[in-house]
Amino acid sequence: MAIKISVIGGGPGGYVAAIRAAQLGAEVTLIEKNNLGGTCLNVGCIPTKALLHSAEVLEEAKNAGEYGIDLTVKGFDWNKVQAKKAAIVNQLVSGVAGLMKINKIKVVKGTAKIESAASVSVSSANGVQKVVGDKIIIASGSTPASAPIPGLKDNPNCIDSTGALSLDKVPQTLLVIGGGVIGIELATAYGIFGAKVVIIEALPKLLPMMDSELTNALIASLQKRGIQIIAQAKVVSIENSANGVKVNIEKDGKKEAFEAQKVLAAIGRRTDTETLGLDGAGIKHDRGRIIVDDNMQTNIKGIYAIGDCLGKVMLAHTASAQGEVAAENALGHNAKYDGKTSPSCVYTIPEFAGVGLTEDDAKAQKIDYIVGKFPLSANGKSLIANGGVGIVKVLLGKEYKEVLGVHILGPRATDIIGEAALAIGMEAAVEDIIETIHAHPTITEAVREGFLAAEKRAIHSVNK
Ligand code: FAD
Ligand code: NAI
């Protein structure tokens with residue numbers, strides 16, 4: 001008899017876990033209270049990147065003259081930008097539904113509550129039904145965290161990322177609270193579409209998980225495009241005003257006010273675990289963040305949890321990787337999740353990506369390291385693509401020259417980082433990368449040059 005697996009949540013964690021379990025012969029039921037594809041496909045990764053791509057097309061069209069192309073750009077049609085985004089989302093969501101069918105996964109609509117490893121109750125408009133099985137994989141994801149700022153809650157001009165993805169028009173002024181990934185990506189898109197954007201960040205450093213030096217370079221490029229960034233500042237309150245809202249901030253003890261048509265609160269995300277009945281089922285959690293071992297199993301045998309609902313690394317590819325591990329373990333394998341090859345990517349212009357340790361991490365962990373850097377101004381393909389804006393930075397262990405971390409600011413950085421993730425996964429050392437021939441002209445050549453620079457033998461730049 002096939003093992004019966006119930007998966008709660010149809011995002012990139014849950015639907016991938018469901019497919020992997022089905023591949024291994026399980027009879028799978030996937031319970032989803034909203035749309036298949038979860039945050040990622042519906043209100044996360046895909047719609048943001050669709051808006052960013054439209055913005056990039058607009059910017060390229062405006063800059064076409066630089067490349068000898070004579071274009072008159074009349075502007076953009078926001079409804080069509082939104083329609084393009086919706087079409088991409090719908091195609092991918094239907095694709096997931098198709099994958100469920102192909103893999104004979106039963107999809108149940110409704111909100112799941114766990115009774116035991118063998119039973120989940122599902123509530124929907126049609127009443128309550130029980131899904132009975134042998135094991136459960138929880139992949140219930142996350143929702144935007146709400147900021148405890150007076151005047152923000154229930155104010156129609158204050159939106160979260162979901163609201164910011166479906167605005168009916170581009171605001172003239174947008175104040176973003178939080179200089180994390182969401183804040184920076186949406187600031188980039190709306191800035192290009194013509195909004196005057198101000199980012200208010202509480203901490204000294206933006207993009208907490210990214211390399212500081214390259215983050216500073218990205219900030220400089222954001223400022224160059226007119227985005228105002230105020231770090232180490234506190235939003236004290238928000239009031240309604242004639243044109244939208246007035247945002248009162250405090251920086252270095254001084255008060256300042258900004259008028260904005262819209263305020264985007266992007267201060268992080270919280271796990272969506274309240275309706276799961278964790279306490280009733282005896283599942284250990286830390287304020288809603290489900291606790292698992294590296295097999296992705298909770299303290300209850302046969303109940304696994306993956307992705308954003310763990311409240312740790314909230315990335316789609318992390319959720320999917322954990323989903324495969326959980327599914328395999330639920331089917332009797334002994335798979336372990338190891339996040340060391342999981343890249344962090346920020347879809348700005350230029351893109352920013354990193355994998356492994358940052359220099360700050362290496363210092364904090366007292367690891368002896370050496371650094372290699374290569375400017376993209378010396379890379380032909382980058383010069384063609386964006387005028388050579390960007391840098392590759394690599395970190396090697398001092399003694400064995402193993403790859404500790406790779407950080408790239410530049411065109412297609414989010415695609416190129418895959419090579420570095422593979423290098424870290426395979427425990428490659430500097431000579432493995434150097435001995436690999438990289439095609440010309442490509443931006444990947446700059447990655448090899450970064451490694452050569454660490455050995456003080458870069459070909460196309462001065463070795464210091
Ligand atoms: P989710 O995708 O959140 O899916 C969870 C699903 O479970 C949801 O569909 C929910 O409805 C359902 N659910 C919850 N509770 C129940 C219940 N009790 N019963 C039934 N169903 C339930 N990550 C990246 O890697 N790259 C990006 O570029 C990126 N961009 C992002 C942009 C934005 C604006 C946002 C908000 C996020 C972005 N992320 C990105 C993060 C990414 O979307 C999440 O890390 C990813 O979706 C997590 O997958 P998940 O399966 O764990 O959860
Ligand atoms: P985040 O954690 O990346 O950044 C939130 C920022 O808000 C932090 O810098 C924090 O210091 C700041 N902040 C918190 N409270 C504040 C306050 N009151 N005032 C001012 N600043 C404040 O969270 P974000 O941007 O909301 O994104 C959530 C998660 O979604 C990310 O951590 C990431 O996991 C995922 N995501 C991933 C993307 C990608 O991979 N490209 C894109 C977008 C989101």
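This is a short tutorial dialogue on reading a predicted protein model with two ligands.

Student: What should I know about the model and its numbering before I start?

Tutor: Residues are numbered from 1 along each chain as its sequence is written, and chains are lettered from A and ligands numbered from 1 in the order in which they are written. The model is predicted, with local features needing pLDDT of at least 70 and side-chain atom pairs counting only at pLDDT 80 or more, while totals for chains, interfaces and linings use all residues; side-chain values use heavy atoms, with hydrogens and water left out.

Student: Fine. Into which domains is the protein chain divided?

Tutor: Domain bounds come from an automatic or database domain assignment. Here you get domain 1 (4-144 + 270-340), domain 2 (158-267) and domain 3 (350-454). Taken over C-alpha atoms, the centres of domain 1 and domain 3 are 30 Å apart.

Student: Now ligand 1. Which residues come nearest to it?

Tutor: A residue is near a molecule if one of its heavy atoms lies within 4 Å of it. Ligand 1 has 41 residues around it, and Glu32, Thr39, Lys49, Ala112 and Asp308 come nearest.

Student: And which side chains make polar contacts with ligand 1?

Tutor: A polar contact is a pair of N or O atoms within 3.5 Å; within protein, one must be able to donate a hydrogen and the other to accept it, and residues adjacent in sequence count only if both atoms are side-chain atoms. Among them is Asp308, with a side-chain N or O atom 2.8 Å from an oxygen atom of ligand 1. His317 puts a polar side-chain atom 3.3 Å from an oxygen atom of the ligand, and Thr275 has a side-chain N or O atom 3.3 Å from a nitrogen atom of ligand 1. On its own, ligand 1 has 990 Å² of accessible area (Shrake-Rupley method, 1.4 Å probe), and the protein covers 95% of that.

Student: Which element gives the most to the shell around ligand 1?

Tutor: Elements are DSSP runs numbered from the N terminus: helices (H or I) have at least four residues and strands (E) at least two. The one you want is H2, with four residues. Elements giving two or more residues include strand S2 (27-32), helix H2 (38-43) and helix H9 (316-330). By class, the shell holds 15 nonpolar, 20 polar and six charged residues. In that scheme Ala, Val, Leu, Ile, Met, Phe, Trp, Tyr, Cys and Pro are nonpolar, Asp, Glu, Lys and Arg are charged, and the others, Gly among them, are polar.

Student: What does the shell around ligand 2 look like by class?

Tutor: That one has 13 nonpolar, three polar and four charged residues. Of these 20 residues, Glu185, Glu201, Gly268, Met314 and Cys345 come nearest. Domain 1 and domain 2 each supply at least three residues, and helix H6 (residues 181-192) gives the largest share, three residues.

Student: Where does the backbone come into it?

Tutor: A polar backbone atom of Met314 sits 2.5 Å from an oxygen atom of ligand 2. Two nitrogen contacts go to backbone atoms as well: Cys345 at 2.7 Å and Ala202 at 3.1 Å. Ligand 2 exposes 840 Å² when taken alone, and the protein buries 79% of that.

Student: How many aromatic pairs are there?

Tutor: Rings of Phe, Tyr and Trp (its six-membered ring) pair if their centres lie within 6.5 Å; planes under 30 degrees apart are stacked, over 60 edge-to-face, and the rest tilted. The count is four. Take Trp78 and Tyr190, a tilted pair at 5.8 Å centre to centre with 50° between the planes. Trp78 lies in helix H4 (residues 78-102) and Tyr190 in helix H6, so the pair ties together parts 112 residues apart in sequence. Together with Phe76 and Phe193, Trp78 and Tyr190 form one aromatic cluster.

Student: Are Trp78 and Tyr190 buried or exposed?

Tutor: Buried means under 20% relative accessible area, exposed over 50%, and partly exposed in between (1.4 Å probe, protein chains only). Trp78 and Tyr190 are both buried. Compare Arg412, which is exposed at 53% and has a positive phi near 60°.

Student: Last one: where are the cis peptide bonds?

Tutor: One joins Ile349 and Pro350, with omega about 5°. Another joins His440 and Pro441, with omega about -5°. Pro441 lies in the loop between helix H13 (430-434) and helix H14 (444-454).
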